[in-house]
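I opened a fresh notebook page for this structure. Here is what I looked up, in the order I went through it.

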Amino acid sequence: MIGSVVIVGGGIAGVSTAAALRMGGFVGDITLVDSGEFPYDRPPLSKDFLEGRKSLTEIALQPPQWYDDNKIRLFSESRATALHTASGEVELFDGTMIAADRVVLATGGRAARPPIKGGSSPRVHVLRTATDATRLRAALTAGARVLVVGAGLIGAEVASTAVELGCEVTLVDPVRPPLTAAVGSTIATWMHDQHVVRGIRTVRAGVESLHDTPVGIEARLSGSDEATTFDVVVLGVGMVPETALADAAGLEIDRGIVVDQTQTTSNPAVLAVGDPARLRRDGALLPRTEHWEAAQRDGQRAAATILGTTPPADTASWFWTDRHHRHIEVVGTMAGAERTVLRGMLGGLAFSVFGLVGDQVVGAVSIDDSKAVRAARRLIDRGVAIDASQLADASIDLRKLLRG
Ligand SMILES: Cc1cc2nc3c(=O)[nH]c(=O)nc-3n(C[C@H](O)[C@H](O)[C@H](O)COP(=O)(O)OP(=O)(O)OC[C@H]3O[C@@H](n4cnc5c(N)ncnc54)[C@H](O)[C@@H]3O)c2cc1C
């Protein structure tokens, strides 16, 4: 019988594991160890929190009382430093040992810092934690000259927030348009163009070097001999999965902690969830999913594995991003689509693009059109054959198409 579970990491994956365990009737000990102030949500760090519209307490994943109510022993500002798999214990930074019949690694990741010359200057920021966001917020004063490196999801959100705060923003990325694989070229182009509409200078380039001067930080961009001076540089170039504990415990690692479809690692007593977990399915390693809902579902799946109950049904992946007051949602995968269908007017108040293979929807992107994305998810999950002309007709209720 499993009497104790230790969850390392209090992000959405770790907290949803704990919640799903209790909701599933687990009566044993649950310990949640997290190195942050308390478990908080990460997406607002580039949006409301960075803009100063929400405080840290307002983005807590759960109120403090929730942990007591659910008998979850929370160790905040505490690091797990070793997994002793032979004895079934987790060691904390101060030597405390916690017994664990099962360990769930929910350790997330850290912001990538590519080896750019001059990149260790205090004017250079990354964004992963509330501490990062607080430091960056202090630097994003009106009129500040801000260079955002990387126009993917987080870079674009930071650029959008910075321009909202009155900064003078330059956004550089060597890829144009960024995010084509995730959202398809039509929407990727439209999304990138919105930066220009909002007054952001976009440059197709990478950063070659950075150099601190008394009046700012000089950035040399690829393809240019001239340096430009900024007050703030933000690197939004991806994340590195936090695998150190798993690695030291001898678990299989391959650019992530390798798990099977039950979230179990190469050690049957250790599970991994969220951003650092990398799924092996049918013998092939899939790319890691670095999105909020995927992390939450991993936690629910891990809890089902521990409880021996049925895991939540598989569903098409979904994520959202917000920029320039537009809410963008992506479901399924646009990368493999043979053709796309536009519903609504590109750039209108609400519109979507669906990706199709044959007569099946495989992915969709919606702008301020959550209803369309919800319907698309069901169309994908159920494999409903659709008529593309009906999909394109915004006067037809998508729920009608669901009936097949
Ligand atoms: C700025 C930002 C904006 C984002 N916006 C969106 C968005 O709009 N939409 C979307 O779908 N996704 C978004 N994401 C991605 C989403 O937030 C992540 O996919 C999600 O947070 C992953 O959750 P997690 O629990 O796996 O990891 P994390 O949230 O990283 O949590 C891991 C936790 O583990 C702790 N930890 C690590 N090692 C140890 C240890 N040894 N001991 C104790 N604690 C440890 C860390 O301190 C951290 O608190 C965003 C991410 C960021 C950074």
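**Entry 1: ground rules.** Before reading any contacts, I wrote down what counts as one: a polar contact is a pair of N or O atoms within 3.5 Å. I also noted that I am working with a predicted model.

**Entry 2: the ligand.** With that cut-off in hand, I looked up the oxygen atoms of the ligand. A polar side-chain atom of Asp 275 lies 2.8 Å from one ligand oxygen. From the backbone, an N or O atom of Ala 13 comes to 3.0 Å from an oxygen of the ligand. I found His 291 too, with a polar backbone atom 3.4 Å from a ligand oxygen. Next I checked how much of the ligand is covered: taken alone it exposes 1,000 Å², and the protein buries 93% of that.

**Entry 3: the shell.** How many residues surround the ligand? I got 34, and the closest are Asp 34, Ser 35, Arg 42, Lys 47 and Arg 128. Sorting the shell by class gave me 15 nonpolar, eleven polar and eight charged residues. I then asked which elements give two or more residues to this shell. They are helix H1 (12–23), helix H5 (153–164), helix H9 (292–307) and strand E22 (318–323).

**Entry 4: the domains.** The domain assignment splits the chain into domain 1 (4–110 + 239–307), domain 2 (124–235) and domain 3 (325–402). Where does the ligand lie with respect to the domains? Domain 1 and domain 2 both give residues to the shell, so the ligand lies between them. I also looked up the separation of domain 1 and domain 3, whose C-alpha centres are 33 Å apart.

**Entry 5: from helix H2 to strand E22.** I picked Leu 50, which sits in helix H2 (residues 48–51). Is Leu 50 buried or exposed? Its relative accessibility is 0%, so I put Leu 50 down as buried. Leu 50 and Glu 157 are 107 residues apart in sequence, yet their C-alpha atoms are 9.9 Å apart in space. Glu 157 belongs to helix H5, one of the elements I had listed for the ligand shell. At 4% relative accessibility, Glu 157 counts as buried as well. The side chain of Glu 157 makes a polar contact of 2.5 Å with the side chain of Thr 321.

**Entry 6: strand E23 and its partners.** I followed E22 onward to E23; the two run antiparallel and are joined by six bridges. Arg 323 has Arg 326 in E23 as its bridge partner. Two residues lie between the strands of this hairpin, and His 324 takes a positive phi near 45° there. E23 also runs antiparallel to strand E26 (residues 360–367), with five bridges between them. In that pairing Val 330 stands opposite Val 365. Why did I note E23 as largely enclosed by the rest of the structure? Six of the seven residues of E23 (residues 326–332) are buried, which is the reason.

**Entry 7: a three-stranded sheet.** Last, I looked at an open sheet with the order E18-E20-E21 and mixed pairing. Its edge strands are E18 (257–259) and E21 (284–285), each pairing on one side only. Strand E20 (residues 277–281) and E21 run antiparallel, joined by two bridges. One of the pairs I wrote down is Arg 280 with its bridge partner Leu 285 in E21.

How values were computed:
Residues numbered from 1 in each chain as written. Predicted model: local features only at pLDDT ≥ 70, side-chain atom pairs only at ≥ 80, totals over all residues. Heavy atoms only, no water. Near = heavy atom within 4 Å. Polar contact = N/O pair within 3.5 Å; in protein donor to acceptor, adjacent residues only side chain to side chain. Areas by Shrake-Rupley, 256 points an atom, 1.4 Å probe, with all protein chains shown as cover. Helix = DSSP H or I, 4+ residues; strand = E, 2+ residues; numbered from the N terminus. Nonpolar A, V, L, I, M, F, W, Y, C, P; charged D, E, K, R; others polar. Domains from an automatic or database assignment. Buried < 20%, exposed > 50% of the residue type's maximum accessible area, 1.4 Å probe, protein only. Pairing = 2+ DSSP bridges.
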